[in-house]
Amino acid sequence: MTAEENNRSANFIRHIINEDLAQNKNEGHVHTRFPPEPNGYLHVGHAKSICLNFGLASEYKNGLCNLRFDDTNPDKEKVEYIDSIMDDIHWLGFDWGDRLFYASDYFEQLYDYAVHLIKEGKAYVDSLSAEKMREYRGTLKQPGRPSPDRNRSVEENLELFAGMRAGKFADGEYVLRAKIDMASPNINMRDPTIYRIRKTKHHRTGDNWYIYPMYDYTHCISDALEGITHSLCTLEFEDHRPLYDWFLDQLPVPCHPQQIEFARLNLNYTVTSKRKLNELVEVNHVNGWDDPRMPTIVGMRRRGYPPAAIRDFCERIGVTKNETVIDISVLENCVREELDRSTRRVMAVLNPLRVVVTNYPEDHTEMLEAPYHPNQEDLGSREVPFSRVLYIEQNDFMEDPPKKFFRLGPGREVRLRYAYFITCHDVIKDEATGEIIELRCTYDPETRGGNAPDGRKVKGTIHWVSAEYAFNAEVRLYDRLFTVPEPGRQDDWHKALNPDSVVTLTEAALEPGLRETKPEERFQFERIGYFCADRKDSLSGKPVFNRTVTLRDSWVKQKK
RNA sequence: UGGGGUGUAGCCAAGCGGUUAAGGCACGGGGUUUUGAUCCCCGCAUUCCCAGGUUCGAAUCCUGGCACCCCAGCCA
C-alpha cells in the first residue's frame, strides 16, 4: 500500500520511501524511530514528529517505529520526563510495542566502537580546555588548527580513554574527539567531541559511567543498531548529516540508516521553545506544564483537544523543508471538526440572567426531551426540567437591540431551545446600580417543544436552564496565550502575553445531568463552545469545565 | 565565492517538460437549520522570488541575481 493509495497527500519523505521500496532497499522494510531526550515535556511540535514517525510506520506493510530515549546527558534528564513522554505518546494513539529503547542501553557498545576508532587512528584524546578548543576550531569563514594532542599515539589514546572511563580524571580534563578534518568548511567535521567526562549519576546507568557519549556519535549508531531505515529529524541537523554518515562509514555497524530532515512546526499565537515554555511555568504565567493554555501535549489534553484532532492536524499541515508558521485556526478547525461529530450537546448558562415566566404555574416542573445531537440520533437524548424561574445568558438580552439582533428584547419573542416561545414584558433593574437583574416574560403553552401550531416563526433560539434544578459550576474560558502572531520574534515576548488568556467563571448554571460528568468528558455547550471536564480539578458530583474552543461565530463578525 | 538549506494565494501545500496551477485553513457571497453551530453550493494565483536562456511548449530544465533560515556546546 502506498501513501497515495491510502488517501494521504504526498510529501517528499513518502516519495523517498516509495522509491526505496520500489528498489527493494532495506529488504522492503520501513523502520523509523521517535527519539526524544527526556529533559522536558512534549509539545505540539513533537506531536508532528510522533505522527510522522509512527504514522509512516503504520501506513507501510510491516512498518515499525521504535521509541528511543536519547539519554546521553545525565545533567538534564529525569525519569519523570520519561514517564510523561510515554503517557503522551500513548494518549496520542501510538504504540511502540516491545520496542522501547534507551541510548544508554548502548553505552557499552558505543564504548567499544570508540576504542575501534582509536585503534584505527580515527579518534584521539584531547586535553584542550573547552575555551582553547573553541579557539582552535576556527570560525565560520576561517579553518581551524589541529590540537597539539591530535597526533597522540594509539597506545596513549587507548590508555587515556580507559582512564577516562575509569574515572581517573576530573570533568573537562580530557575529551575524546573524532579525527576528521580541522579545515572542513562544515564546522561539525572539525574533529567533533564524541565523549566527555561527566561524573554525574545517570537515571538509568547510575554510577557506572564517568564518561558519556555525545549526540552525533550516539544517534547514528543507535539508529544502526536498531535497524532503522529512515531516520527523520529536523532541519538544524542537516549539516550534521555528513558526520552521521562518517561514523557509520568508519564503524562495523549492522546497517546504514538514511537521515532525512524536515522543518519543525511553528504555530502562531504561541511559543514552542522548551526554554520559553519553561519560563512561562517558572514565572507562573501559567499553572504548570499541563496548563490548558500550554501547547504541550498534556496541556492540549487537559484543554480538551481530542487526540484524533491533533493527528488530523499533523496530517493536514504536511511535511516539507519549508520553514513555516501554521495558523492556529487550522488546529482549531481540526478540533471543532472532531468535536462536532463526537460530542453531545447540552445547555449551560455561563453568565446567568434570571427570567420569571409569569404565566407559568408556581411549584410546577415538567420534563422536556432534548436530543444530544441535531444530526446523530445514535447519541440519544435526555430530559431537561422546565419550571417558572429560569436563567438565560446575559448577552442574549438587550434592552435596546439593533434590528439584526435575533435574541430577546423588550416585547420580543424568542424560542427557548426544546421548550417554549417566550415574550419579554418587563425589565427589572437594581435601583442603585441600574443593572438588569431580572426579566418578566410570558410563555405560550401551545409552543411546547419549540413549534407554534399556528405556524408563526421566531427569529432566535436561545439556551436556558431551570433556576431550581440547575447547579453551579466553575467554568474556565481559555483563549490564545499571546496577542501577537509571532511572540517569539519580539524582543520582549512577555509583553505579548494575553492578559485574558483565561477567564474563570464561578456563577455558571448547568443543566442537572451534567453534575455526574467524569473527568475528561467532553460536551458542546449549545451556542457557546466545546468544553471538557478538567482531569485534575473535577471532583465527583462537582465537575470543573475548561473551554476547549468556541463555536464559530459569524455574529461576532457582523457586529464589527 | 565559508558551509548547508528554503522560496507556488493572507497561512499551509500538491505539482517532477503538455493540468483550466489539486486540496485544506482564512476570507467573501448564497441556501438549509429549533445552536447566528453543523451541513450544502459559489467565488478566491492569466501565474509559481526576480531576470535572462533552452524548448513547439517551462512552476517544472539551464545561467545569473535577490530574500530568508541554520551552523563556531565538552546540549540534543
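This report walks through a predicted model of a protein chain with an RNA strand, taking the domains, the RNA surface and then the empty spaces in turn.

**The domains**

Let's start with the big picture. The domain assignment splits chain A into domain 1 (3–262), domain 2 (274–344 + 473–559) and domain 3 (348–463). Notice that domain 2 is written as two stretches, 274–344 and 473–559. The centres of domain 2 and domain 3, taken over C-alpha atoms, are 29 Å apart. These two domains also touch: 21 residues of domain 2 are in contact with 23 residues of domain 3.

**Around the RNA**

Now for RNA strand B. Which residues come nearest to it? Out of the 71 residues around RNA strand B, the nearest are Glu 323, Arg 345, Arg 417, Gly 449 and Arg 552. If you look at the RNA side instead, sugar and phosphate make up 67% of the strand B atoms that come within 4 Å of the protein.

A few polar contacts are worth finding on your screen. They are set out here.

| Residue | Atom of the residue | Atom of RNA strand B | Distance |
|---|---|---|---|
| Val 325 | polar backbone atom | sugar or linking oxygen | 2.9 Å |
| Gln 524 | polar side-chain atom | base nitrogen | 2.6 Å |
| Trp 555 | backbone N or O atom | sugar or linking oxygen | 3.3 Å |

So what parts of the fold supply this surface? Helix H5 (130–137), strand S6 (193–197), helix H11 (307–317), helix H12 (328–342) and helix H13 (554–559) each give two or more residues to the surface near RNA strand B. As for the chemistry, you'll find 26 charged, 23 polar and 22 nonpolar residues there.

**A pocket between two domains**

Keep H13 in mind, as it turns up again. The second largest pocket holds about 1,100 Å³ of space. It has 31 lining residues, and those nearest its centre are Arg 407, Arg 527, Asp 553, Trp 555 and Val 556. You've already met Trp 555, whose backbone N or O atom lies 3.3 Å from a sugar or linking oxygen of RNA strand B.

Which element gives the most to this lining? That's H13, with six residues. Strand S25 (544–550) also supplies at least two. Domain 2 and domain 3 each provide at least three residues of the pocket lining. By type, the lining has 13 charged, ten nonpolar and eight polar residues.

**The cavities**

Finally, the enclosed spaces. How many cavities of 30 Å³ or more does the structure hold? There are two.

The largest cavity contains about 200 Å³ of space. Its lining is made of 17 residues, and Thr 270, Arg 293, Arg 303, Tyr 305 and Ile 328 lie nearest the centre. Helix H10 (297–303) and H12 each give two or more residues to that lining. H12 has the largest share, with three residues. H12 is also one of the elements on the surface near RNA strand B. Ten residues of the largest cavity's lining are nonpolar, five are charged and two are polar.

The second largest cavity has a volume of about 30 Å³. Its lining consists of Tyr 215, Asp 216, Phe 237, His 240, Tyr 244 and Gln 259. That makes three nonpolar residues, two polar ones and one charged one.

Terms used
Residues numbered from 1 in each chain as written. Chains lettered and ligands numbered in written order. Predicted model: local features only at pLDDT ≥ 70, side-chain atom pairs only at ≥ 80, totals over all residues. Heavy atoms only, no water. Near = heavy atom within 4 Å. Polar contact = N/O pair within 3.5 Å; in protein donor to acceptor, adjacent residues only side chain to side chain. Helix = DSSP H or I, 4+ residues; strand = E, 2+ residues; numbered from the N terminus. Nonpolar A, V, L, I, M, F, W, Y, C, P; charged D, E, K, R; others polar. 1 Å grid on protein atoms, 1.4 Å probe; cavity = no way out; pocket = protein on both sides within 12 Å on 5 of 7 lines; lining within 4 Å. Points joined across faces, edges and corners; volume = space filled by probe spheres on them. Domains from an automatic or database assignment. Contact = heavy atoms within 4.5 Å.
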